[in-house]
Structure formats: C-alpha cells, structure tokens
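Me: I have a structure open and want to learn how to read it. Can we start with how two helices cross?

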Amino acid sequence: MSEPHRLARCAGAGISAIVGERRLLGEVAERLLGSARDAEDVVRETYARWYAMPQDVQEEVGWPTAWLVSVASRLCCDRLNRARPIRGMTSIGTKSPVSSRPN
C-alpha cells in the first residue's frame, strides 16, 4: 500500500472504519475462545478500550485494525489463562494436598 494511501486510511479511521472491524474481531475472538458469548464480551471490551483512549492517541495508531486485533487477542489470552486451573490449587484457592506416593 502506498504511503499516502496508508496515511489517508489511518487519518480516516473514524467510527465507521473502527466499527467495520467488528466482524473480524468477533471471528478472531470466537476462534480463540470457542464461545460466541465470550467472544462478544471481548469485542465489547476491545471497543471500550479504543474509545477510552484520547482522540490524539487514537490518531497516533498507525493501523487501527492491527491495534484492535492485538488487543482482542490479548484479552482472549487473559480469559483463557484465568480459566485454566493453576497446578496445585483447588477451586477455592487453597493448596491441594501433595501425594506422598512416588510416581
């Protein structure tokens, strides 16, 4: 993509350009999480983070689509990490007894 065209796309990353990525974000999140409901939560959180940024910071983002996908992917990873049980911990957060039997 030529530099002037890329800059025009970035400068024109208004609400319609950002909202136009909703389907892509949903597909990425659903593929990573395996759940449409969880994917929708991630998409909403991704947009919340985008719109929480000041306008001048949004304008500094070189490629808004890449930023949105990166944030959505990281949010998915965070969800997956929170859902995975930590070895040696029970569901209420206490350490489980360690077996004295050798393997």
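Me: Is the crossing of α4 and α6 left-handed or right-handed?
Reply: The crossing of α4 and α6 is right-handed. Keep in mind that this is a predicted model.

Me: At roughly what angle do the axes of α4 and α6 cross?
Reply: They cross at roughly 130°, and the two axes come within 9 Å. That makes α4 oblique to α6. Angles over 145 degrees would count as roughly antiparallel.

Me: Which residues of α4 and α6 meet?
Reply: Look at the residues from each side. From α4 they are Asp-38, Asp-41, Val-42, Glu-45, Thr-46, Arg-49 and Trp-50. From α6 they are Pro-64, Trp-67, Leu-68, Val-71, Ala-72, Leu-75, Cys-76 and Arg-79. By class, this contact has 9 nonpolar, 1 polar and 5 charged residues.

Me: Now the charged side chains. How many salt bridges does a search of the whole structure find?
Reply: A salt bridge needs a side-chain nitrogen of Lys or Arg within 4 Å of a carboxyl oxygen of Asp or Glu. The search finds 6 of them in the whole structure.

Me: Which residue meets Asp-38 in a salt bridge?
Reply: Arg-79 does, at 3.6 Å from N to O. Asp-38 lies in helix α4 (residues 36-52) and Arg-79 in helix α6 (residues 64-83), so the pair ties together parts that are 41 residues apart in sequence.

Me: Are Asp-38 and Arg-79 buried or exposed?
Reply: Check the relative accessible area. Buried means under 20% and exposed means over 50%. Asp-38 has 28%, so it counts as partly exposed. Arg-79 is partly exposed too, with 27%.

Me: What about a pair within one helix? Where do Asp-41 and Arg-44 lie?
Reply: Both sit in helix α4, 3 residues apart, about one turn of the helix. Their side chains meet in a salt bridge of 2.9 Å, N to O. Asp-41 is partly exposed at 28%, and Arg-44 is partly exposed at 44%. Salt bridges that share partners join Asp-38, Asp-41, Arg-44 and Arg-79 into one network.

Me: Let me try another helix. How many residues apart are Arg-23 and Glu-27?
Reply: They are 4 residues apart in helix α3 (residues 22-33), about one turn of the helix. A salt bridge joins their side chains at 3.2 Å, N to O.

Me: Is Arg-23 buried or exposed?
Reply: Arg-23 is exposed, because its relative accessible area is 67%. Its partner Glu-27 has 42% and counts as partly exposed.

Methods:
Residues numbered from 1 in each chain as written. Predicted model: local features only at pLDDT ≥ 70, side-chain atom pairs only at ≥ 80, totals over all residues. Heavy atoms only, no water. Helix = DSSP H or I, 4+ residues; strand = E, 2+ residues; numbered from the N terminus. Buried < 20%, exposed > 50% of the residue type's maximum accessible area, 1.4 Å probe, protein only. Axes fitted to C-alpha atoms, helices over the stretch in contact; angles between N-to-C directions. Parallel < 35°, antiparallel > 145°, perpendicular 65-115°, else oblique. Left-handed = near helix turned anticlockwise from the far one by under 90°. Contact = heavy atoms within 4.5 Å. Nonpolar A, V, L, I, M, F, W, Y, C, P; charged D, E, K, R; others polar.
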